[in-house]
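Good morning, and thank you for coming. Please look at the sequence and the model as they appear, and I shall then go through the packing.

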Amino acid sequence: MKKIEAIIKPFKLEEVRDALSEIGVSGLTVTEVKGFGRQKGHTELYRGAEYVVDFLPKMKIDVVLADEIVDQAVEAIIKAARSGKIGDGKIFVMPVEQVVRIRTGETGETAI
């Protein structure tokens, strides 16, 4: 099993969710986060005053999957989240040792 963490632009969330649903992903967790990468934020003008926005709004998607569909999921996220502009995000894939469904006590891939 693997955990995929994807940091994407907020307006791409629905497209990514739909792309993951199409390949059979049945559940995911979404968190509103803030951060910056190479773009290092930007400046905005508000009521005549210029200020720096260091941390940009992003969405973090967490999903745990069987090893067999991880590559498909990564490709689906890339296709759906890519705009071709700086700040499109990152995808992290890491191993998961154990999963337990609290309600039933199921473990392993049956708990996903």
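The buried residues of helix 1 (13–22) are covered by elements including strand 1 (2–8), strand 2 (29–35), strand 5 (56–65) and helix 2 (70–81). Helices (H or I, at least four residues) and strands (E, at least two) are DSSP runs, numbered from the N terminus. This is a predicted model, in which local features need pLDDT of at least 70 and side-chain atom pairs count only at pLDDT 80 or more, while totals for chains, interfaces and linings use all residues. Residues are numbered from 1 along each chain as its sequence is written, and side-chain values use heavy atoms, with hydrogens and water left out.

Which residues of helix 1 are buried, that is, under 20% relative accessible area with a 1.4 Å probe, protein chains only? They are Leu13, Val16, Ala19 and Leu20. These residues lie on the same side of helix 1, because they cover an arc of only 130° around the axis, taken from the directions from the axis to the C-beta atoms.

Valine 16 is in contact (heavy atoms within 4.5 Å) with Ile8, Ile61, Ile77, Ala80 and Ala81, leaving aside neighbours within four places in sequence. Just after helix 1, glycine 24 takes a positive phi of about 100°.

Let me turn to the sheet. Its 4 strands form an open, antiparallel arrangement in the order 2-5-1-6, where two strands pair if DSSP finds at least two bridges between them. Strand 2 and strand 6 (89–95) each have a single partner strand, so one side of each is left without a neighbour in the sheet. Strand 1 and strand 5 are joined by 7 bridges, and lysine 2 has leucine 65 as its bridge partner in strand 5.

Methods. Buried < 20%, exposed > 50% of the residue type's maximum accessible area, 1.4 Å probe, protein only.
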